[in-house]
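Hi,

Here is the structure I said I would pass on. Have a look at it first, and then read my notes below.

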Amino acid sequence: KIKRKGVAGDGRYWIYHLLSLSLLLVTNDKFPMINDITGFDEWRNLWSAIDEIEAKSPESRSQEEWAFELLFLHVGVLFFDEPEQGKALLNDSFQCFENQKTGKEDNWKSILVDLLISIMSYESVMLRSTASECFKMVCNDLDEAAIELIILHVKLKRRMTQKMTLKMTRTLTKTMKKTIVTISRMTLVTRKTVMYQWKKKTMRKMTKTMKKRT
């Protein structure tokens, strides 16, 4: 059994209670800007999916349902900060959830994995952590297509890392060469300057000596 993080004493996610409180705000006329969020179809779909999962007891839920609920809840929070990004992410999540629930498409697991991998590239630490937790819940029941997708992304990441390392090495090599050339030129200039100063000093001494003799 996978230990879930962020769970309150009643078995629900803490973020579920947080988002439930947001409903009091979005239905309050004193907060017109927040109230506009209820006009989104995605917002209604969000709570429809969450309520459907919450209707089941914690013991009867599958790991996939726990993962979907966690994903939906964090996307709900995203609506208040980045509504457009939240709408796009929720559409993909909701479609995948419907496929899992109805069984219309057998590849919903690979779609979910692809979605979670894409979330891992987001700048939001919250969303990246959410994707990581969702992975832990569904990783024990992945099909061959989902596993192959993970392997593909790992290989692509390695190639990108290798390319970046090679590029950095080439850049560093060029920089070092330029530095060496610059130092060599500076050394040459310094040597010429020293020789000039020495010759000048020597000529002065010789001139003084000649004057004394005369």
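**Around S110**

Setting aside neighbours within four places in sequence, S110 makes contact with D143, A145, A146 and L149. S110 itself sits in helix α6, which covers residues 108-119. Its relative accessible area is 12%, so S110 counts as buried, the cut-off being under 20%.

One thing to keep in mind as you click around: this is a predicted model.

**The overall picture**

The chain has 8 helices and 0 strands. If you read along the sequence, the pattern is simply α-α-α-α-α-α-α-α. There are 214 residues in the chain, and 29% of them count as buried. Now take the contacts in the chain with a separation of 6 or more: 59% of those come from residues 24 or more positions apart.

**Helices α4 and α7**

This is a good pair to pull up on screen. Helix α4 takes in residues 63-81, and its axis comes within 8 Å of the axis of α7, with a crossing angle of roughly 170°. Angles over 145 degrees count as roughly antiparallel, so that is how α4 runs relative to α7.

Which residues meet there? On the α4 side they are Q63, E64, W66, A67, L70, L71, H74, V77 and L78, and on the α7 side M126, L127, T130, E133, C134, M137 and V138. Sorted by class, the contact of α4 with α7 has 11 nonpolar, 3 polar and 2 charged residues.

L71 is worth a closer look. It lies in helix α4 and is buried, with a relative accessible area of 2%. Not counting residues up to four places away in sequence, L71 touches S93, L115, I119, T130 and C134. Take S93 from that list: L71 and S93 are 22 residues apart in sequence, and their C-alpha atoms are 7.8 Å apart in space.

**Salt bridges**

How many salt bridges does the structure hold? The count is 9. I went through three of them.

Start with K5 and E133, whose side chains meet in a salt bridge at 3.7 Å, N to O. K5 belongs to the segment before α1 (14-26) and E133 to helix α7 (residues 125-138), so this pair ties together parts of the chain that are 128 residues apart in sequence. Are the two partners buried or exposed? K5 is exposed, at 55% relative accessibility, whereas E133 is buried at 14%.

Next come R12 and E54, which form a salt bridge with their closest N and O atoms 2.6 Å apart. This pair also links distant parts of the chain, with R12 in the segment before α1 and E54 in helix α3 (residues 41-54), 42 residues apart. R12 is partly exposed, with a relative accessible area of 30%, while E54 counts as buried at 12%. These two residues also belong to a wider group: R12, E54, R61 and E69 are linked in a network of salt bridges.

The third one is K101 with E98, where the side chains meet in a salt bridge at 3.0 Å, N to O. Here both residues lie in helix α5 (residues 83-102), 3 residues apart, which is about one turn of the helix. Both partners are partly exposed: K101 has a relative accessible area of 36%, and E98 comes in at 23%.

**Cysteines**

What about disulfides? As a reminder, a disulfide is a covalent bond between the sulfur atoms of two cysteines. The count in this model comes to 0 disulfides. Two cysteines you may want to find are C134 and C139. C134 is buried, with 1% relative accessibility, and it is one of the α7 residues that meet α4. C139 counts as partly exposed, at 42%.

**Where to start**

If you only have a few minutes, I would begin with the α4 and α7 pair, with L71 in α4 and T130 and C134 among the residues it touches. After that, go to K5 and E133 for the salt bridge between the segment before α1 and helix α7, and finish at S110 in helix α6.

Happy to go through any of this with you.

Best wishes

Methods. Residues numbered from 1 in each chain as written. Predicted model: local features only at pLDDT ≥ 70, side-chain atom pairs only at ≥ 80, totals over all residues. Heavy atoms only, no water. Salt bridge = Lys/Arg side-chain N within 4 Å of Asp/Glu carboxyl O. Helix = DSSP H or I, 4+ residues; strand = E, 2+ residues; numbered from the N terminus. Buried < 20%, exposed > 50% of the residue type's maximum accessible area, 1.4 Å probe, protein only. Disulfide = S-S within 2.5 Å. Axes fitted to C-alpha atoms, helices over the stretch in contact; angles between N-to-C directions. Parallel < 35°, antiparallel > 145°, perpendicular 65-115°, else oblique. Contact = heavy atoms within 4.5 Å. Nonpolar A, V, L, I, M, F, W, Y, C, P; charged D, E, K, R; others polar.
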